[in-house]
Amino acid sequence: MGFTSTHWGVYRPVVESGRLQALEAAPWDRDPSPIGASLPEAITAAARIRRPAVREGFLRAAERGNTAASPRRRGQEALVEVPWDEALDLVAAELQRVRAAHGNEAIFGGSYGWASAGRFHHAQGQLHRFLNGFGGYAYGVDTYSLGAGRVLLPHIVGSMDTLLQQHTSWDVLEQHCELFVAFGGLPLKNAQVSPGGASDHQLRGALQRLAQGGTRFVNISPVRGDLDGVPEAEWLPVRPGSDTALMLALAQVWLSEGWHDQAFLDRYTVGFERFADYLRGRVDGVAKTPAWATERTGISATSITALAQRMAHSRTLINTAYALQRARHGEQPFWMTVVLAAMLGQIGLPGGGFGLGYGCMNNTGSGRAPFSGPRLPQGSNPVTAYIPVARLVDMLLQPGAAFEYNGRHLRYPDIRLVYWAGGNPFHHHQDLNRTVAAWQRPETIVVHEPFWTASARHADIVLPATTPLERDDIGSAASDRFMVAMQAAIAPVGEARDDYAIFAALAERLGFGAHFTEGRSVPQWLEHLYEGSRERAAAHGITLPGFAAFWQQGLFEVPQPAQPTVLLQEFRADPLAHPLPTPSGRIEIHSDTIAGFDYSDCPGHPVWFEPEASAWPLHLLSNQPATRLHSQYDHGALSRDSKIAGREPMQMHPADAAARGIADGSVVRVYNQRGAFLAGVRLSTGIAPGVLQIATGAWYDPLDPAQPGSLDKHGNPNLTTPDTGSSRLSQGCSAQSTTVEVAPWTEPLPDISAFAPPPLR
Ligand SMILES: Nc1nc2c(c(=O)[nH]1)N[C@H]1C(S)=C(S)[C@@H](COP(=O)(O)OP(=O)(O)OC[C@H]3O[C@@H](n4cnc5c(=O)[nH]c(N)nc54)[C@H](O)[C@@H]3O)O[C@H]1N2
Ligand SMILES: Nc1nc2c(c(=O)[nH]1)N[C@H]1C(S)=C(S)[C@@H](COP(=O)(O)OP(=O)(O)OC[C@H]3O[C@@H](n4cnc5c(=O)[nH]c(N)nc54)[C@H](O)[C@@H]3O)O[C@H]1N2
Ligand SMILES: [Mo]
């Protein structure tokens with residue numbers, strides 16, 4: 001028995017009599033994630049989908065031959081278990097019906113989500129390849145992770161992916177960084193994961209080494225625990241969404257004191273003077289001074305000035321967590337991070353400059369080659385209709401409506417069939433009551449899932465998918481230490497099938513079976529894809545062993561590159577020979593391109609936007625969970641053990657609790673104009689007053705599914721978050737811009753239903 005790989009680590013499955021008993025952490029992993037221990041029980045739990053199922057009303061409509069007009073009561077009806085052949089015939093017939101009546105553009109196959117690790121059985125990759133073979137689909141661009149960042153950065157410094165791959169390695173920081181300023185902290189919880197694999201966890205050790213070597217840390221976050229790897233870190237409890245004001249004040253101090261590096265700005269940037277006018281107040285009559293920022297951030301002017309001074313006189317790394325840009329005007333804190341680093345003139349020097357997401361994922365700063373292993377070819381998509389992923393519900397509610405995005409004028413496609421595999425929109429999307437309503441619009445919804453998530457419960461046709469423990473695959477992630485031969489540990493649970501096998505069977509029915517499978521078995525695919533990555537490996541100086549040797553050894557350690565990685569080192573050494581991929585070839589402090597779009601919500605240089613006035617007194621942070629990956633394995637032991645009376649725990653300041661008569665460990669109702677959910681209260685002075693923090697990922701569990709706007713009894717914060725684009729530039733997710741009120745829950749506690757299957761017939 002070999003290894004298995006997950007987004008949160010590599011484990012050795014322990015199997016006895018065909019049953020998975022345990023997942024042992026990989027022996028080399030310096031800080032293994034406890035999430036793995038949840039899997040053995042969870043993959044055969046009641047929440048596992050064991051057979052294909054069809055929504056009752058949909059099945060009846062199919063029998064009458066009018067699925068297009070089935071009454072839309074998704075999430076409210078029983079599902080009928082059917083044999084595989086019947087389910088596959090139904091899916092194939094729906095795909096053909098919708099294509100014939102409305103064209104491929106009416107099929108939404110964006111299917112955002114993390115699915116599981118493994119390069120071949122990656123659900124989205126398989127879905128996209130399948131739908132391309134079928135003639136294409138309306139798709140999604142960007143991510144929920146980095147909606148604003150991904151669109152902004154190419155205009156001002158370079159693509160997010162390239163930057164992430166080149167982040168200065170922890171080893172280099174260890175030697176050179178004197179001051180590490182972390183907006184949003186560097187939470188150990190988040191560095192458990194990396195997309196595709198996190199085979200050796202590095203953040204805890206790296207932070208210890210930096211701290212021991214004398215690097216000082218400043219945690220700028222509403223939550224003290226966001227820099228839990230460095231107990232002595234200084235904490236500046238900034239008001240949520242106000243970091244840009246703080247950053248502007250730091251810049252203003254440097255400008256007025258002459259602490260900025262004018263030579264760097266002249267040589268490597270464009271547009272500083274226009275931005276400087278804004279800082280000085282020549283544009284709007286308001287100088288962005290520390291006193292100005294104090295009102296907005298809650299951080300004293302003395303602290304801001306002191307921080308400005310230390311930053312200007314140290315080798316300083318300025319890091320910003322993704323969370324800050326997952327908000328209204330999320331471009332601004334990312335843009336300001338780059339501008340601050342440019343003003344200090346340390347970009348391209350070891351230990352200085354900026355970081356965008358140290359601590360958000362394990363592999364950032366590993367210093368390893370960005371080689372990411374085998375890739376499943378997806379074919380090409382002739383359909384041109386797309387949306388920025390987080391505009392999903394706008395698309396479903398407003399077919400044909402115009403919207404703006406990154407300088408383009410686009411229209412939402414008219415979607416009749418939604419196909420989802422490997423994501424959970426009832427986890428990831430905002431304003432879930434609006435999502436539930438929009439989800440009734442399409443004629444057909446098909447979902448592949450291993451588990452009875454809300455997305456599966458709200459589908460018309462649900463097909464049970466295997467987990468990686470039930471199939472062979474290759475684990476490989478960008479900048480990760482190991483490539484892993486993922487060898488099936490157990491037989492598929494129930495009647496679950498691999499996504500690949502499902503699509504192969506559908507393709508066969510739809511007349512392109514051979515085109516989809518290329519005649520290969522799964523082992524043949526693995527070898528073929530592995531061999532196909534050999535050339536890309538060589539480009540990074542990596543020589544792959546033969547496939548048979550790799551498969552037998554179970555692992556391949558990717559060698560460390562000879563040269564340490566320092567972000568933008570070459571650009572610094574010679575900006576003419578190594579220009580940035582921006583219009584000017586330099587860092588754009590003012591972007592003519594963005595200014596030319598004429599968006600009032602994202603002008604040509606970073607600015608501060610006053611938050612909209614809100615009637616709700618408390619700011620709700622809905623960040624990433626420590627005990628799971630998003631909604632994955634919320635039904636596992638680690639996540640369930642963290643709950644309070646079965647509800648997702650929420651941090652609250654004792655002063656806010658006392659004002660509302662709320663006790664530690666009690667259950668409360670959290671609400672605003674969009675919706676309400678129950679949560680378990682954990683009182684803490686490690687959170688700024690006026691701020692609440694709850695992780696995302698508690699499975700949506702409406703008290704009464706038939707009641708529009710029903711209370712969620714389990715603790716899903718997306719009942720209250722806004723479904724508003726970050727700006728017209730990026731149209732990203734703005735989950736962090738939420739205000740709410742909280743009240744004690746005095747009624748009897750409703751039972752949690754989310755982890756039991758829906759009514760099945
Ligand atoms: N309020 C708020 N909302 C947020 C965020 C936030 O910070 N706050 N964060 C956002 C971010 S950054 C992200 S990335 C998203 C994450 O959103 P998602 O990626 O959609 O969340 P997951 O829970 O990982 O969903 C993956 C689903 O795929 C299923 N799955 C796993 N393996 C397989 C497989 O092999 N086949 C099939 N068919 N299915 C499989 C899992 O069971 C799970 O239901 O959430 C976003 N939503
Ligand atoms: N264990 C685990 N790790 C994960 C994930 C997971 O689901 N589970 N998800 C992964 C994914 S998909 C992604 S995209 C990354 C996301 O990485 P991030 O988006 O950075 O993660 P978050 O936990 O949402 O936010 C980091 C911290 O920022 C703080 N914060 C929130 N708003 C503000 C603000 O306005 N100002 C300041 N200064 N701080 C703020 C929060 O307290 C939070 O703990 O994490 C990844 N890591
Ligand atoms: Mo993400």
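**Note on aromatic contacts in a predicted model**

1. In this predicted model, Arg-669 places its charged end over the ring of Tyr-671, at 4.4 Å from the ring centre. A second contact of this kind involves Arg-129, which lies over the face of Phe-516, 5.4 Å from the centre of that ring.

2. Phe-516 also belongs to an aromatic cluster. The other members of this cluster are Phe-120, Phe-130, Phe-134, Tyr-419, Tyr-500, Phe-503, Phe-512 and Trp-525.

3. The structure contains 39 aromatic pairs. One of them joins Phe-272 and Phe-275: the ring centres are 6.3 Å apart and the planes meet at 55°, so the pair is classed as tilted. An angle over 60 degrees would be needed for edge-to-face.

4. Both residues of this pair belong to helix α11, which spans residues 272-280. Phe-272 and Phe-275 are separated by 3 residues, about one turn of the helix. Phe-272 has a relative accessible area of 5% and is therefore buried. Phe-275 is likewise buried, its relative accessible area being 0%.

5. Tyr-671, the ring beneath Arg-669, forms an aromatic pair with Trp-616. The geometry is edge-to-face, with 5.8 Å from centre to centre and 85° between the planes. This pair links distant parts of the chain, as its residues are 55 apart. Trp-616 is located in the loop between α25 (592-597) and β24 (618-623), whereas Tyr-671 is in strand β26 (residues 667-671). With a relative accessible area of 25%, Trp-616 is partly exposed.

How values were computed. Residues are numbered from 1 along each chain as its sequence is written. Chains are lettered from A and ligands numbered from 1 in the order in which they are written. This is a predicted model: local features need pLDDT of at least 70, side-chain atom pairs count only at pLDDT 80 or more; totals for chains, interfaces and linings use all residues. Side-chain values use heavy atoms; hydrogens and water are left out. Rings of Phe, Tyr and Trp (its six-membered ring) pair if their centres lie within 6.5 Å; planes under 30 degrees apart count as stacked, over 60 as edge-to-face and the rest as tilted. Helices (H or I, at least four residues) and strands (E, at least two) are DSSP runs, numbered from the N terminus. Buried means under 20% relative accessible area, exposed over 50%, partly exposed in between (1.4 Å probe, protein chains only). A charge sits over a ring if NZ of Lys or CZ of Arg is within 6 Å of the ring centre and within 35 degrees of the ring normal.
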